[in-house]
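I opened the model to look up a few local features. My notes follow in the order in which I checked them.

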Amino acid sequence: MLAPRYGWEDLEADEQPVQTVFARGFVPLAAFAGVSSFLQMAYHSGYSFVSTLVAGLIEFMSYFMGYYIAILVLGSTLPSISYGECDRYRLRMFVMHSLGLLCMLGALRNCLPSDFSIVYFLLIYIAIIMWRGMSYMEIRSGNAVKFTVECIIAIIIPALMIQLALGAVAI
């Protein structure tokens with residue numbers, strides 16, 4: 001997290017199966033972010049178990065559904081700005097690690113007593129980390145802005161919009 005470029009290089013050197021990273025890394029991290037919503041009951045006496053459970057499920061499902069949305073969107077847009085064919089393995093790993101950062105941000109947000117707006121500025125740092133993944137995703141030079149915008153639209157926005165839409169309905 002502190003040196004994003006080197007993190008992507010480490011990921012490139014480590015050849016873990018995608019299914020293993022998904023089942024043992026991403027899904028438990030998304031579940032942890034959802035379960036951490038129960039900490040809000042300690043801060044707010046008006047929150048019931050059911051409403052907190054629904055909020056946690058919404059948070060988990062937003063990351064889970066966001067993964068498939070991001071794969072779909074980036075899988076169709078990245079070939080035009082990358083060298084050759086888009087590597088599905090790298091794409092899936094890139095999306096999982098980027099959404100994993102969002103999961104950690106969601107868990108951090110749930111651990112705080114109120115909705116501090118400063119936490120949302122960490123989304124900018126997540127965008128920077130994704131931007132530093134250009135070499136990992138083999139994006140042609142000159143397409144940095146397009147790649148970063150596509151990643152924000154495909155990875156960050158769907159997860160946040162699902163939480164916003166379903167969270168407004170649940171409450």
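Surface patch. The model is a predicted one. I looked for nonpolar side chains on the surface and found a patch formed by Met41, Tyr47, Phe49, Val50, Leu53, Val54 and Leu57. Together these residues have about 610 Å² of accessible area. I then asked which element gives the most to the patch. Helix α4, residues 49-77, does, with 5 residues.

Val50. I took one patch member and placed Val50 in helix α4. Its relative accessibility is 56%, and exposed means over 50%, so Val50 counts as exposed.

Helix α7. I went through residues 122-131, which make up helix α7, and noted Leu123, Ile126, Ala127, Ile129 and Met130 as buried. Looking down the axis of α7, I find that the buried residues fall within an arc of 160 degrees, so they line one face of the helix.

Glu138. I checked the backbone and noted a positive phi of about 55 degrees at Glu138, which is not a glycine. Glu138 sits in the loop between α7 and α8 (144-170). I have its relative accessible area as 33%, so Glu138 is entered as partly exposed.

Arg90. Is Arg90 buried or exposed? I find a relative accessible area of 15%, and the cut-off for buried is under 20%, so Arg90 is buried. Arg90 belongs to helix α5, residues 88-111. Leaving out residues up to four places away in sequence, I list its contacts as Glu12, Tyr136, Met137 and Glu138. Glu138, the residue with the positive phi, is thus one of the residues that Arg90 touches.

Notes. Residues numbered from 1 in each chain as written. Predicted model: local features only at pLDDT ≥ 70, side-chain atom pairs only at ≥ 80, totals over all residues. Heavy atoms only, no water. Patch = residues over 30% accessible without salt bridge, like charges linked within 9 Å, V, L, I, M, F, W, Y side chains within 5 Å. Areas by Shrake-Rupley, 256 points an atom, 1.4 Å probe, with all protein chains shown as cover. Salt bridge = Lys/Arg side-chain N within 4 Å of Asp/Glu carboxyl O. Helix = DSSP H or I, 4+ residues; strand = E, 2+ residues; numbered from the N terminus. Buried < 20%, exposed > 50% of the residue type's maximum accessible area, 1.4 Å probe, protein only. Arc of directions from axis to C-beta. Contact = heavy atoms within 4.5 Å.
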